[in-house]
Amino acid sequence: MEYLCNALGRRKSAVARVYVSDGTGKITINKKDLNEYFPSAILQYVVKQPLELLNVADKYDVKVNLDGGGFTGQSQALRLAIARALVKINAEDKKALKDQGFLTRDSRAVERKKPGRPKARARFQFSKR
């Protein structure tokens with residue numbers, strides 16, 4: 001199979017590697033169908049957003065390697081990767097995708113736990129006596 005392009009998307013600790021090829025709109029994630037991997041309609045919608053925006057949902061096949069994170073982070077990492085791949089295929093689509101915020105890497109991640117505290121910012125209960 002000949003790939004048009006590939007791209008990488010990250011969110012929290014999830015990493016999505018995407019390979020886009022000409023096809024019929026099939027999205028395969030870790031050798032499973034999109035509907036099987038993300039049963040939630042909302043997450044399926046998030047993944048398809050860049051494709052629907054450019055009206056190319058049935059023009060490309062997308063093969064994905066997803067690793068790490070939870071299902072929300074994975075779906076958002078995948079959305080970023082697909083958007084980046086679509087820009088590589090056709091640079092004129094960049095403005096439309098950027099205006100919707102699909103090309104912005106959401107850099108928020110879990111803050112590290114600090115020593116002497118139960119969590120990152122929470123303190124143990126203070127007792128005066």
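Here are legends for a handful of close-up views of this predicted model. Local features need pLDDT of at least 70 and side-chain atom pairs count only at pLDDT 80 or more, while totals for chains, interfaces and linings use all residues. Numbering starts from 1 along each chain as its sequence is written, and side-chain values use heavy atoms, with hydrogens and water left out.

**View 1. Ser 75, tucked away in helix α3.** Helices are DSSP runs (H or I, at least four residues), numbered from the N terminus. Helix α3 covers residues 71-89. Ser 75 has just 1% relative accessibility, so it counts as buried (under 20% relative accessible area; exposed is over 50% and partly exposed is in between, with a 1.4 Å probe and protein chains only). Leaving aside residues up to four places away in sequence, Ser 75 touches Phe 38, Leu 43, Val 46 and Val 47; contact here means heavy atoms within 4.5 Å.

**View 2. A positive surface patch with Arg 84 in it.** The members are Arg 10, Arg 84, Lys 88 and Arg 105. Patch residues have over 30% relative accessible area and no salt bridge, with like charges joined within 9 Å. Areas come from the Shrake-Rupley method with a 1.4 Å probe, and the place of a charge is NZ for Lys and CZ for Arg. Arg 84 sits in helix α3 and, at a relative accessible area of 34%, is partly exposed.

**View 3. A salt bridge along helix α4, Asp 99 to Lys 95.** The rule is a side-chain nitrogen of Lys or Arg within 4 Å of a carboxyl oxygen of Asp or Glu, and it gives 5 salt bridges. In this one, N and O are 2.9 Å apart. The two residues lie 4 apart in helix α4 (residues 94-99), which means about one helical turn between them. Asp 99 is exposed at 55% relative accessibility, and so is Lys 95 at 58%.

**View 4. Glu 111 and its partners Lys 114 and Arg 121.** Glu 111 pairs with Lys 114 at 2.8 Å, N to O, and with Arg 121 at 3.1 Å between the closest N and O atoms. Arg 121 and Glu 111 are both in the segment after α4, 10 residues apart. Glu 111 is partly exposed, with a relative accessible area of 38%, whereas Arg 121 is exposed at 59%.

**View 5. A salt-bridge network of Arg 11, Asp 106 and Arg 108.** Shared partners are what join these residues into one network.

Notes. Patches are made of residues with over 30% relative accessible area and no salt bridge: like charges are joined within 9 Å, nonpolar side chains (Val, Leu, Ile, Met, Phe, Trp, Tyr) within 5 Å. Lys and Arg count as positive and Asp and Glu as negative; His and the chain ends are not counted.
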